[in-house]
Amino acid sequence: MREKGGGATGPSPVDRRKTGSKRHLICEGRGTPLHVITTAAHVNDITQTLHLVDGIPPVAGRPGQPRRRPESVLGDKAYDSRAVHRELRRRRILPVISRKGAPNIKGLGKLRYVVEQTFALLHQFKRLAVRWERRLELHDAFVSLGCSLICRRRLKKAGS
């Protein structure tokens, strides 16, 4: 028998009677999406941090070897963990993540806005605003298509 809501669905943190999905996104400083992961709605953000960083494709830059990792990763308190900080440093990535119980890092809200704006751009595609597909691979294909269209728009804007 098939799972009720399809793959990567789970109880909603708001209404436990309903199932839902959650997207975890990592983007560059201007909001170009680099990697998206779909999980069940109740999955904690911190568990996907390293999967997002590892999923970043090589980025072309200066001639030579393409960059495989960002220089730094910014995140809010949901991503604060000693294990995450340790793993990012081991990979030579500077973690700029607000600590739980400490005041927010000044200016992090403006940078967090970039991620929220990228989510808003993804949700302008009605098919992505609400997940209708039961099959995870089909939903992820639509998410990838949406990210590709966002990247295309950014490239067009930069070329004008």
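In this predicted model, Arg-91 and Glu-87 form a salt bridge through their side chains, with an N to O distance of 3.4 Å. Salt bridges with shared partners join this pair with Asp-54 and Arg-90 in one network. Arg-91 also bridges to Asp-54, where the closest N and O atoms are 2.5 Å apart. Asp-54 belongs to helix α1 (residues 49-54) and Arg-91 to the loop between α2 (82-90) and β5 (94-97), so this salt bridge ties together parts that are 37 residues apart in sequence. Arg-91 counts as buried because its relative accessibility is 15%, and the cut-off for buried is under 20%.

The structure holds seven salt bridges. Another of them pairs the side chains of Arg-30 and Glu-28, at 3.7 Å from N to O. Arg-30 is exposed, with 65% relative accessibility, while Glu-28 is partly exposed at 22%. The three salt bridges described here are listed below.

| Salt bridge | N to O distance |
|---|---|
| Arg-91 and Asp-54 | 2.5 Å |
| Arg-91 and Glu-87 | 3.4 Å |
| Arg-30 and Glu-28 | 3.7 Å |

Arg-92 lies in the loop between α2 and β5. This residue is not a glycine, yet its phi is positive, near 60 degrees. Is Arg-92 buried or exposed? Its relative accessibility is 78%, so Arg-92 counts as exposed.

**Fold and confidence**

The protein chain contains five helices and five strands. Along the sequence their order is β-β-β-α-β-α-β-α-α-α. Of the 160 residues in the protein chain, 34% are buried. Among contacts with a separation of 6 or more, 46% involve residues 24 or more positions apart.

The mean pLDDT of the protein chain is 81, and 84% of the residues reach 70 or more. By element, confidence is highest in α2, at 92, and lowest in strand β1 (residues 10-11), where the mean is 66.

**Cores**

The largest nonpolar core has twelve residues, among them Leu-25, Val-36, Val-114, Phe-119, Phe-125 and Leu-128. Which elements give two or more residues to this core? They are β2 (19-27), α3 (108-123) and α5. Helix α3 supplies the largest share, four residues.

Leu-128, a member of this core, touches Arg-23, Leu-122, His-123, His-139, Phe-142, Val-143 and Gly-146, when residues up to four places away in sequence are not counted. A second, separate core of eleven residues includes Ile-56, Val-73, Leu-88 and Ile-93.

Val-73 is located in strand β4 (residues 72-75). Its relative accessible area is 10%, so Val-73 is buried. Beyond its neighbours within four places in sequence, Val-73 is in contact with Val-53, Leu-88, Ile-93, Leu-94, Pro-95, Val-96 and Ile-97. Val-73 and Glu-28 are 45 residues apart in sequence, and their C-alpha atoms are 9.3 Å apart in space. Glu-28 is the residue that forms a salt bridge with Arg-30.

**Helix α5**

Helix α5 (residues 136-159) has 24 residues, which at 1.5 Å a residue should span 34 Å. The C-alpha atoms at its ends are 34 Å apart, which agrees with that expected span. The multiplier behind the expected span is one less than the number of residues. Within α5, the buried residues include His-139, Val-143, Gly-146, Cys-147 and Ile-150. Val-143, Cys-147 and Ile-150 are also members of the largest nonpolar core. His-139, Val-143 and Gly-146 are among the residues touched by Leu-128.

**Cysteines**

How many disulfides does the structure hold? It holds zero disulfides. Cys-27 is in none, and the nearest cysteine sulfur, that of Cys-147, is 9.8 Å away. Cys-27 counts as buried, with a relative accessibility of 17%, and is part of the largest nonpolar core. Cys-151 is likewise in no disulfide, and the nearest cysteine sulfur is that of Cys-147, at 6.7 Å. A disulfide requires two cysteine sulfur atoms within 2.5 Å, so neither distance qualifies. Cys-151 is partly exposed, with a relative accessible area of 24%.

Notes. Residues are numbered from 1 along each chain as its sequence is written. This is a predicted model: local features need pLDDT of at least 70, side-chain atom pairs count only at pLDDT 80 or more; totals for chains, interfaces and linings use all residues. Side-chain values use heavy atoms; hydrogens and water are left out. A salt bridge is a side-chain nitrogen of Lys or Arg within 4 Å of a carboxyl oxygen of Asp or Glu. Buried means under 20% relative accessible area, exposed over 50%, partly exposed in between (1.4 Å probe, protein chains only). pLDDT is the predictor's confidence in each residue, from 0 to 100. A nonpolar core is a set of buried Ala, Val, Leu, Ile, Met, Phe, Trp, Tyr and Cys residues joined through side-chain atoms within 4.5 Å. Contact means heavy atoms within 4.5 Å.
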